[in-house]
Amino acid sequence: MNDTIVAISTANGVGAVSIIRVSGKEALAISLKLLKTKKLTPRYATLLKIYSLDDELIDRGIIIYFKSPKSFTGEDIVEFQTHGGFLISNLIIDELLKAGARLAQPGEFSKRAFLNDKMDLAKASSIQSLITARSKDALKILTYQMQGSLSEFVESLRGELVKTLAYTEVCIDYAEEDLPTDILEKINTLLSKNYKKLDEIVTISKQRKGLIEGFKVAIIGKPNVGKSSILNALLSYDRAIISNEAGTTRDSIEESLMLGSHLVRIIDTAGIREGVSNIEKIGIETAIKKANEADIILAVFDSSAKFDDEDRAILEICAGLEKNDKKIFYILNKSDLIQKFDKKLNKPLQISAKEGIGLVTDELKNYLDTKNYDGIMLTATYQINAVNSAKDAILRAKNLLNENELELFAYEINSAISEISSITRPFERTEILDEMFSSFCLGK
């Protein structure tokens, strides 16, 4: 934290503008060595020539000085906005390194911002996800959370858990004082309230994770029902080989596309059937695995053929997937042919992939639109894991409270606070003391 770092902030390559950032106590002094000027006015854009330390002209660009603490990292930052291109950027960085800076490590600017209390971990995580966002829905959620919505939620819940712990430690350490008679009832009420909040946000986050990562849609069915034809129609080009020979698709084919404002990952799987070669068996195992990983299933059946044991196997797989909260669309393909399928399906979509699959895309769009969400979400795996751990700790704490094991109860609440705090900022024990003495006027 005592040295000064430098890095390019824009992607490498040819472009109109390239941005280089220098951050640290010596950022201004190091930058001035290349600018041949004595000072920079904070937060003003100044057009200046940029020189090497040997006084050779490198470029001319916009220079902006952000004086500590009013900067992204909370340190002095000098930003060089130069002409784009790999060579110019690297020449300037080389001269800044010679002048006393060092190359920043990946994520070090954000790390310094966190350490200097310019952002918490939730905002830092949102920044990273925002940069790699691939859909409008992800952009909307992450921009909302960049404003601090998730941090506010965590801080509010953390405050309630701290209050719960304070109540408990008062009972343990100050039993001789005049304490409210309903204190244990208040603790139980707060615990139930906190657990419900945590459970709801995990449920919402899991149900709508596709808004951030992109929804996965797996196409399953026995061989020759038209799975690859449906994939090609969705993509509007021939991505998969189509053949009347069973087992043509032996591995999963994955492609991305936009359906409305939603990013979708379409997975065409191998036909599922019995009595096949070892190679085809591997493809079928992969197909079932991909179906379990998907958010949405397109279960395809041939409406021109009678229902058989292979179709029954597909329905059994679907039944298991539905138990795991997978959304399943049942599709009767080949509706342009004579209809022989004699099994009743749940709201089947009757189509002919040869003639068009507008009905399928419309149903998918409508369903995905129901997943739109403007509220708070956990967008990183570490956040979901932390909340699940906090939930488990709260459940253990409730059981211990019922057994009047207050010391062990306090330990579990401490664990819950530490887990939930890992989303934003570390937990400080002084918060408990503040709550204890502010709420109860103890030790008069």
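In which strand is Arg21 found? In this predicted model, Arg21 lies in strand E2, which covers residues 17–23.

**View 1. Surroundings of Arg21 in strand E2.** Arg21 has a relative accessible area of 25%, so the residue is partly exposed. Beyond the neighbours within four places in sequence, Arg21 is in contact with Ile5, Val6, Ala7, Ser9, Phe72, Val78, Glu79 and Phe109. The UniProt record, an unreviewed entry, lists Arg21 under "binding site" together with Glu79, Lys118 and Lys444. Glu79 thus appears among the contacts of Arg21 and in the UniProt list.

**View 2. Packing of helix H1 on helix H2.** Helix H1 spans residues 27–35 and helix H2 residues 86–98. Their axes are 9 Å apart, at an angle of about 125°. Because angles between 115 and 145 degrees are classed as oblique, H1 is oblique to H2. The crossing of these two helices, H1 and H2, is right-handed. H1 contributes Ile30, Ser31 and Leu34 to the contact, and H2 contributes Ile92, Glu95 and Leu96. Sorted by class, the contact of H1 with H2 holds 4 nonpolar, 1 polar and 1 charged residues.

**View 3. Packing of helix H7 on helix H13.** Helix H7 is formed by residues 183–207 and helix H13 by residues 381–402. The two axes cross at roughly 155° and come within 10 Å. An angle over 145 degrees counts as roughly antiparallel, which means that H7 is roughly antiparallel to H13. The crossing of H7 and H13 is left-handed. In the contact of H7 with H13 there are 13 nonpolar, 6 polar and 4 charged residues.

How values were computed
Residues numbered from 1 in each chain as written. Predicted model: local features only at pLDDT ≥ 70, side-chain atom pairs only at ≥ 80, totals over all residues. Heavy atoms only, no water. Axes fitted to C-alpha atoms, helices over the stretch in contact; angles between N-to-C directions. Helix = DSSP H or I, 4+ residues; strand = E, 2+ residues; numbered from the N terminus. Parallel < 35°, antiparallel > 145°, perpendicular 65-115°, else oblique. Left-handed = near helix turned anticlockwise from the far one by under 90°. Contact = heavy atoms within 4.5 Å. Nonpolar A, V, L, I, M, F, W, Y, C, P; charged D, E, K, R; others polar. UniProt positions renumbered as here; feature names shortened; annotations may be inferred. Buried < 20%, exposed > 50% of the residue type's maximum accessible area, 1.4 Å probe, protein only.
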